[in-house]
Amino acid sequence: MKTYFDITGDGGSEVAAQVAAKQSRIGASLAGVRHRLAIGSGKGGVGKSTLTMQLAVALRAGGAAVAILDADLNGPSQARMAGLADAPMLPGERGALMPRTKAGIGVVSMGLTVPESQALEFDSVAQGDSYVWRATREFALLGDLLAGIAWGELDFLLVDLPPGVERTVQYAEFLGAATDLVLVTIPSELSRGVVARSVVALRDAPNRLLGYVENMHGYLCPGCQSVQPLFPHTNAIDVGVPCLGTVPFDPALAAACDRGETVRAGETTATWRAIDSVADAIGVALEVP
């Protein structure tokens with residue numbers, strides 16, 4: 001009887017070859033994507049997903065070809081915000097075709113196929129202890145999406161990550177060095193502290209961490225259009241990476257996201273100016289001409 005240490009390679013299972021083949025398919029599918037940018041947060045509730053969509057709108061308004069991959073497989077929100085919850089992904093010659101918003105932003109999300117009243121389930125013959133294999137199934141599905149979508153020629157592919165420090169690190173390693181990272185926080189010591197932990201946790205990851213965005217930095221008053229304080233003033237915590245900008249909370253914009261309205265329609269509010277500034281800072285960090 002052989003022990004674990006007697007087994008060489010993959011033991012004849014050809015798992016390594018299968019993984020290599022999928023990585024090759026992913027690389028071929030993403031060959032036309034100039035910049036892959038993952039948006040993460042150490043905690044939920046900081047507006048990461050809405051900021052991802054708003055950055056996509058800003059980049060698209062600047063003439064870039066943009067798509068979003070909603071990598072939060074069991075908590076997808078991009079399909080709703082894009083107004084595409086009922087839009088199917090149709091088969092094409094080089095992979096599944098992305099539904100697009102009116103502005104032309106491609107969106108790939110489990111929210112396109114799984115209604116909000118249902119959860120994403122992974123079939124298994126095992127009983128209990130699903131945490132042992134669930135992450136493996138999730139990353140296998142994410143790899144299938146990356147390999148099976150006709151991404152085409154894109155300037156930016158924004159990947160909306162699930163929240164959590166550990167999840168951010170896992171997804172960063174899975175997406176590889178070709179994917180850069182941006183973290184999102186809110187102006188509280190607690191949230192900034194989590195970002196600082198995220199930065200430390202990501203120090204051994206292969207990705208370039210461009211910086212962080214401080215979301216909900218005040219709120220935009222609907223009446224006077226001035227930015228008012230939303231959180232108590234706190235001492236800034238050095239999180240160890242550059243701040244790419246601060247974005248005030250806009251109640252009208254949040255309501256528009258709930259309705260699936262992504263078109264800017266020439267908006268020049270303080271919030272949109274801040275989002276444009278963040279998009280410009282990301283372009284500078286990526287050395288986009």
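How many helices and strands does the protein chain have? In this predicted model, the chain comprises eight helices and 10 strands. Of its 289 residues, 47% are buried. The exposed surface of the chain amounts to about 14,700 Å², of which carbon and sulfur atoms supply 55%. When contacts between residues at least 6 apart in sequence are considered, 78% of them join residues at least 24 apart.

Strand β2 (residues 66-70) is mostly covered, five of its five residues being buried. Val 66, Ile 68 and Asp 70 point one way from this strand, whereas Ala 67 and Leu 69 point the other way. Residues directed to either side of β2 are thus buried. Strand β2 pairs with two other strands in the parallel sense, namely β6 (residues 154-160) over five bridges and β5 (residues 106-108) over three bridges. Within the pairing with β6, Leu 69 has Val 159 as its bridge partner; within the pairing with β5, the bridge partner of Ile 68 is Val 107.

Helix α6 spans residues 189-201. At 1.5 Å a residue, its 13 residues should cover 18 Å, and the C-alpha atoms at its ends are 18 Å apart, so the expected and modelled spans agree. Buried positions in α6 are Ser 191, Arg 192, Val 194, Val 195, Ala 196, Ser 198 and Val 199. An α-helix has 3.6 residues a turn, so residues three or four places apart point the same way. The buried residues of α6 pack against helix α5 (165-175) and against strands β7 (179-185) and β8 (209-220).

A further set of contacts to α6 residues involves Ile 237, which is placed in the loop between β9 (227-228) and β10 (243-249). Ile 237 has a relative accessibility of 30% and therefore counts as partly exposed. Beyond residues up to four places away in sequence, Ile 237 touches Glu 189, Arg 192 and Gly 193. The C-alpha atoms of Ile 237 and Ser 191 are separated by 9.9 Å, although the two residues lie 46 residues apart along the chain.

Two aromatic pairs are present in the structure. In one of them, Phe 139 and Tyr 171 are tilted, with 4.7 Å centre to centre and 50 degrees between the planes. Because Phe 139 lies in helix α4 (residues 131-148) and Tyr 171 in helix α5, this pair ties together parts that are 32 residues apart in sequence. Both Phe 139 and Tyr 171 are buried. The rings of Phe 139 and Phe 174 have centres 5.1 Å apart and planes at 40 degrees, so that pair is likewise tilted. It also links distant parts of the chain, with Phe 139 in helix α4 and Phe 174 in helix α5, 35 residues apart. Phe 139 counts as buried because its relative accessibility is 15%, whereas Phe 174, at 25%, is partly exposed. Through these ring pairs, Phe 139, Tyr 171 and Phe 174 are linked into a cluster.

Gln 54 lies in helix α2 (residues 48-61) and counts as buried because its relative accessibility is 8%. With residues up to four places away in sequence left aside, Gln 54 touches Leu 253, Cys 257, Trp 272 and Ile 275. The structure holds zero disulfides. Among the cysteines, Cys 221 counts as buried at 18% relative accessibility, while Cys 243 counts as partly exposed at 39%.

Definitions and conventions
Residues are numbered from 1 along each chain as its sequence is written. This is a predicted model: local features need pLDDT of at least 70, side-chain atom pairs count only at pLDDT 80 or more; totals for chains, interfaces and linings use all residues. Side-chain values use heavy atoms; hydrogens and water are left out. Helices (H or I, at least four residues) and strands (E, at least two) are DSSP runs, numbered from the N terminus. The expected span of a helix is 1.5 Å times one less than its number of residues. Buried means under 20% relative accessible area, exposed over 50%, partly exposed in between (1.4 Å probe, protein chains only). Contact means heavy atoms within 4.5 Å. Accessible areas come from the Shrake-Rupley method with a 1.4 Å probe; for residues, only the protein chains shown count as cover. Two strands pair if DSSP finds at least two bridges between them. A disulfide is a pair of cysteine sulfur atoms within 2.5 Å. Rings of Phe, Tyr and Trp (its six-membered ring) pair if their centres lie within 6.5 Å; planes under 30 degrees apart count as stacked, over 60 as edge-to-face and the rest as tilted.
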